[in-house]
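Okay, thanks for coming, everyone. I'll just walk through a few backbone spots and then some strand pairing, so let's get the model up on the screen.

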Amino acid sequence: MTTRAESTSVRHDVVVEAPIERAFSVFTEEFDRNKPREHNMLGVEIAETIFEPREGGYIYDRGVDGSECRWARVLAFEPPDHVMFSWDISPYWQVETYPEKTSTVEVRFAAEGPNRTRVELEHRDLDRHGEGWEGLRTGVDSGDGWPLYLRRYADVVAR
């Protein structure tokens, strides 16, 4: 896994031993297994995280009581090469309701062979979040941010 950072974006990538179709489907269909339960903006424990597999869909957490927290919008869904979603979470770790104050997460899948795929994640336009965006960048770039998600993702693919 490698890391590169730019002023208003963070980039991480991982190589998984899986065909591109499987790499893509695990990322989207099994996103619930990648997202840590402690990354929670609900008032109750998370029962599941849903990634709606279509442009116009949402990524959201459903609580054990049935409550929901929609924290991303699926902006592009192009199996098995590309998925993009908004990051509708403010620098204060609350849902951001103004789309112009959200950033974008783009994930590209590139086959490096019949059973090997490079997954490149770029979280960009972080400055759109306004005041405090640098802290948000630090958070998503830290070991508890995208690197954690990608490690967990790679573990799921390997199983």
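Quick definition before I point at loops: when I say strand I mean a DSSP run of E with at least two residues, helices are H or I runs of at least four, and both are numbered from the N terminus. And keep in mind that this is a predicted model.

So, start in the loop between β5, residues 68-78, and β6, residues 82-87, which is where P80 lies. The peptide bond joining P79 and P80 is cis, with omega at about 0°.

Next, positive phi. W93 isn't a glycine, yet its phi is near 55°. You'll find W93 in the loop between β6 and β7, and β7 covers 103-113. Buried or exposed, then, for W93? Partly exposed, because its relative accessible area is 43%, and the exposed class needs over 50%.

D125 is another non-glycine with a positive phi, about 65°. D125 is in the loop between β8, 116-124, and α3, 133-141. With a relative accessibility of 28%, D125 counts as partly exposed.

Now to β8 itself. How many bridges join β7 to β8? Nine, and the two strands run antiparallel. They form a hairpin, with two residues between them. If you want a pair to click on, E106 has E122 in β8 as its bridge partner.

β8 also pairs with β2, residues 9-16, again antiparallel, over seven bridges. There, look at V16: its bridge partner in β8 is T117.

That's my tour; happy to rotate anything.

Conventions:
Residues are numbered from 1 along each chain as its sequence is written. This is a predicted model: local features need pLDDT of at least 70, side-chain atom pairs count only at pLDDT 80 or more; totals for chains, interfaces and linings use all residues. Side-chain values use heavy atoms; hydrogens and water are left out. Buried means under 20% relative accessible area, exposed over 50%, partly exposed in between (1.4 Å probe, protein chains only). Two strands pair if DSSP finds at least two bridges between them.
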